[in-house]
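Here is a short tour to read alongside your own view of the fold. Keep the viewer open and follow the headings in turn.

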Amino acid sequence: MSRILITGAVGGVGTILRPQLAAPGRTLRLLDIAPLADLPAIPAAAAGRTADGEEYVQASVTDAAAMEKACEGVDAIIHLGGISVEAPWERIHEVNIGGTCTVFEAARRTGVPRVVFASSNHVVGFHTPDEYPLPETVTPLPDTYYGVSKVAGEALGALYAHRYGLDVICVRIMSCFPEPANPRMLATWLSPDDAGRLFEACLTAEKPGYRVVYGVSDNTRGGWVSQEGARALGFEPRDNAEAYASQVRERAGEVADDDPVLAHLGGQFCFPNLDADR
Ligand code: 15L
């Protein structure tokens, strides 16, 4: 894999993956609607893991011509670009659903053989603990318009894989952050290093065809979703959010088992008022 296009490279997951996926002989073509000046510096912890070359493209994933140009000479796309939280339907529809369709179509037209799509746990947000671990094949129960857009993205991936033969892996990312930021993430955290290992597996697995997998670390309080699909790609999670349990408890206090945030897999995304601080 010598040239990889990462859409939404300036966002949270893009910032985590960029140093993780840097490798000798590999070029990362970083694309974002934000200007180059917004691209964060590679963290000191990742020094030594720099790409031979980085290229920067400022464009929207909704711009078909720009996306086709950005796909030229690319071996795989990691499609992270879009709105990463709940937003009004018109915006979600345009950027997340329209943009994702534009990315798949650009890949098809330019012959990019593989797309790794950043899906989300919010595809299955309204499933409940009595159903855990959720299999990859469970019926989608999205908890937001945002979750609906990820269902649509997975469906577009299935269409482009089956109709046009692209390899498409949809990663239902649980919570990919530098550290677990709240008690729920003690179960749902995907560590930066595990995210790197998982996306690397998505880039290198031989002839994956169409797959849906969950992205989560090996958390003691986890077990909410199946790890089988990700492991079948060659991914072995090594990190555990439990290492941060006392730190999270100090900050947020204890969370009772009957706390509404734990009533559904999607946590606070399932609340009608979407209290973002929980
Ligand atoms: C997501 O899909 C969001 O993009 C992210 O901001 C987190 O909220 C994450 O899910 C989560 O559920 O923790």
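## A loop residue to start from

Pro 178 has 13 C-beta neighbours inside 10 Å, so this residue counts as partly exposed. To place it on your screen, remember that this is a predicted model, and look in the loop that runs between β7 (175–176) and α5 (185–188).

From Pro 178 you can also take a distance to Glu 200, which lies 22 residues apart from it along the chain. The C-alpha atoms of Pro 178 and Glu 200 are separated by 18 Å.

## The chain as a whole

Zooming out, the protein chain contains eight helices and nine strands. Its radius of gyration is 18 Å, close to the 19 Å that the globule rule gives for 278 residues, so the chain is as compact as a globular protein of that length. If you frame the C-alpha atoms along the principal axes, they fill a box of roughly 50 × 40 × 35 Å.

How much of the chain is buried? The share is 47% of the 278 residues. Contacts also reach across the sequence: taking those between residues at least 6 apart, 72% join residues at least 24 apart.

## The parallel sheet

Now pick out the strands. Seven of them form an open sheet with parallel pairing, and the order to trace is β3-β2-β1-β4-β5-β6-β9. At the edges sit β3 (53–58) and β9 (210–215), each of which pairs on one side only. Going from one strand to the next, the twist averages 20 degrees.

For a closer look at one pairing, try strand β5 (residues 114–120) and strand β6 (residues 167–173), which run in the parallel sense and are joined over seven bridges. Here you will find Val 115 opposite Val 168 in β6.

## An enclosed helix

Helix α1 spans residues 12–21, and seven of its 10 residues are buried, so the helix is largely enclosed by the rest of the structure. Those buried residues are Val 13, Gly 14, Ile 16, Leu 17, Arg 18, Pro 19 and Leu 21.

## Around the ligand

Which residues are found around the ligand? They are Ser 84, Val 85, Ser 120, Asn 121, His 122, Ser 175, Thr 188 and Gly 267. By character, this shell divides into seven polar residues and one nonpolar, with no charged residues.

Conventions: Residues are numbered from 1 along each chain as its sequence is written. This is a predicted model: local features need pLDDT of at least 70, side-chain atom pairs count only at pLDDT 80 or more; totals for chains, interfaces and linings use all residues. A residue is near a molecule or strand if its C-beta atom, placed from the backbone, lies within 6 Å of it. Ala, Val, Leu, Ile, Met, Phe, Trp, Tyr, Cys and Pro count as nonpolar, Asp, Glu, Lys and Arg as charged, and the others, Gly among them, as polar. Helices (H or I, at least four residues) and strands (E, at least two) are DSSP runs, numbered from the N terminus. The radius of gyration is taken over C-alpha atoms; the globule rule is 2.2 Å times the number of residues to the power 0.38. A residue is buried if 20 or more other C-beta atoms lie within 10 Å of its own, exposed if 12 or fewer, and partly exposed in between; C-beta atoms are placed from the backbone. Two residues are in contact if their C-beta atoms, placed from the backbone, lie within 7 Å. Two strands pair if DSSP finds at least two bridges between them. Axes are lines fitted to C-alpha atoms, for helices over the stretch in contact, and angles run from 0 to 180 degrees between N-to-C directions.
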